[in-house]
Amino acid sequence: MMPPSTRPSLAGTRDLSVAVVGYGSIGRRHCDNLARLGVARRVVVRRQDAVNPAFVPPADVLVVYSVQESIEAGLDLAVICNPTSWHATTARQFLEAGVPVLIEKPLAAHMGEATQLVDLAEQTGVPAGVAYCLRYHPAYALTHEYVQQGKLGSIERVAAWFESYLPEWHPWEDYRQGYAARADLGGGVLPTLDHEIDFVCWCCGPPESCAGASSRSGLLDCDVDDTANLALSYPDYTAEIELSICRRHRRRGFEWVGDRAVLSFSFEQQLLRRTDRDGTASEIIWHRPEFDLNDMYAAMLGDALRAVAAKEPLPIPLRAGLDALRVAAAATHQAETRRQSRPRDLARGKPT
């Protein structure tokens, strides 16, 4: 991603009209950031029965209750933040009307609808992208640069992890009603925590194959898998990803091991360190404990606005979302296959 110091001015974006579809926590963040970036013509699309007092759109925002109403208001961009299971259908309506879309991750709930959406965007030529804001975090962007430029030498192993506790995400609501905990809304650990998958694919490209499993720990009251372990295979190394939404001890970070150096990051400390493989030298590449995570959301949105104003493709293409979804789908399929075979194995007297 382009460093902040080299990004062009936002002056050409201030007259854009932008819709935010869905006004939960991420929708509110995008709407607020649009205001900070100088976009005055904002439209919020929300359900008519949305009554959560924590999410009241600002008075200077046009509120409508259907996608069609927002299109009729005249739009230059739609930012799609409703539940995952509605992403593809909503985005399709805008694309068919010629309105560019920035879709919150994951791209869709299922591979089929995601593929159809990518095909539609490519056929129509309407700009469309995915909101992988982690690409705008300085530590992740620096790591991408190090890997792409071969600064670590030949990669030998990759590990990335994100463990968190879903009931603590949104204190203002019953976690069981949120999209992440509901299969009918496209929730579950793999679609919800696919940033780490995208990060590996961004740095290394799509894997040759993926092995892994997702499971339900029983620690949460929901009908989705809450833990996953993935192994993405590349010609000379494996990238291991560990994800959870049921761990009370929050933990996030990564480690890239090359034959010349190791790059490691602690999200809790906001510290990125490079260490020579022979242990003779270690240096802190980036360390900002006070880093405001909203900066990466604002930077991502700013780049999307510049692209729309210039009539250029959005920075993170839909195919990035498709790559991440393909990895998640492979692990989900393997987990479901194991679940279905377990009763048969028991019936035969085999251990499971």
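## Starting at a strand

Which residues is Ser17 in contact with, leaving aside its neighbours within four places in sequence? They are Arg41, Val43, Gly74, Leu75, Asp76 and Leu77. Keep in mind as you explore that this is a predicted model.

Ser17 sits in strand β1, which covers residues 17-21. Its relative accessible area is 3%, so Ser17 is buried; the cut-off for that word is under 20%. You can also look for Ala73, which is 56 residues from Ser17 along the chain. The C-alpha atoms of Ser17 and Ala73 are separated by 8.8 Å.

## The chain as a whole

Now zoom out. The protein chain has nine helices and 14 strands. Its C-alpha atoms fill a box of roughly 60 × 55 × 40 Å, taken along the principal axes. How does the radius of gyration fit with a compact globule? For 352 residues, such a globule would have a value near 20 Å, and the protein chain has 21 Å, so the two agree.

Contacts tell you about the fold too. Among contacts with a separation of 6 or more, 66% are between residues 24 or more positions apart. Buried residues make up 51% of the 352 residues.

## Surface and charge

The accessible surface of the protein chain comes to about 15900 Å². Carbon and sulfur atoms account for 49% of that surface.

What about charge? The chain has 37 positive and 44 negative charges. If you take the mean position of each group, the two points are 2 Å apart.

## Inside the nonpolar core

The largest nonpolar core holds 110 residues. Which of them touch the most other members? They are Phe94, Val101, Leu190, Ile197, Leu232, Trp256 and Leu318.

Val101 is a good residue to click on. Not counting residues up to four places away in sequence, Val101 touches Leu77, Ala78, Ile80, Ala91, Phe94, Leu95, Pro127, Ala128, Gly129 and Leu314. You have met Leu77 before, as one of the contacts of Ser17.

Leu232, another residue on the core list, is in contact with Tyr237. Leaving aside neighbours within four places in sequence, Tyr237 also contacts Ile155, Glu156, Arg157, Val158 and Cys204. Tyr237 lies in the loop between β9 (227-233) and β10 (238-244). Is Tyr237 buried or exposed? Its relative accessibility is 15%, so Tyr237 counts as buried. Tyr237 and Glu156 are 81 residues apart in sequence, yet their C-alpha atoms are 5.1 Å apart in space.

## Loops with unusual backbones

Several loops deserve a visit. Pro106 is in the loop between β5 (101-104) and α4 (111-124). A cis peptide bond joins Lys105 to Pro106, with omega at about -5°.

Two further loop residues have a positive phi without being glycine. Gln270 has a phi near 50°, and Lys311 has one of about 55°. Gln270 is placed in the loop between β12 (261-266) and β13 (271-276), while Lys311 is in the loop between α8 (294-309) and α9 (318-347). Their surroundings can be described by accessibility. Gln270 has 5% relative accessibility and therefore counts as buried. Lys311, by contrast, has a relative accessible area of 75%, so it is exposed.

## A glycine to finish with

Where does Gly38 lie? Look in the loop between α1 (25-36) and β2 (41-45). With 28% relative accessibility, Gly38 counts as partly exposed, because that label covers values between 20% and 50%.

Gly38 can be paired with Gly302, which is 264 residues away along the chain. The C-alpha atoms of these two glycines are separated by 10.0 Å.

Key
Residues are numbered from 1 along each chain as its sequence is written. This is a predicted model: local features need pLDDT of at least 70, side-chain atom pairs count only at pLDDT 80 or more; totals for chains, interfaces and linings use all residues. Side-chain values use heavy atoms; hydrogens and water are left out. A nonpolar core is a set of buried Ala, Val, Leu, Ile, Met, Phe, Trp, Tyr and Cys residues joined through side-chain atoms within 4.5 Å. Buried means under 20% relative accessible area, exposed over 50%, partly exposed in between (1.4 Å probe, protein chains only). Contact means heavy atoms within 4.5 Å. Helices (H or I, at least four residues) and strands (E, at least two) are DSSP runs, numbered from the N terminus. The radius of gyration is taken over C-alpha atoms; the globule rule is 2.2 Å times the number of residues to the power 0.38. Accessible areas come from the Shrake-Rupley method with a 1.4 Å probe; for residues, only the protein chains shown count as cover. Lys and Arg count as positive and Asp and Glu as negative; His and the chain ends are not counted. The place of a charge is taken as NZ of Lys, CZ of Arg, CG of Asp or CD of Glu.
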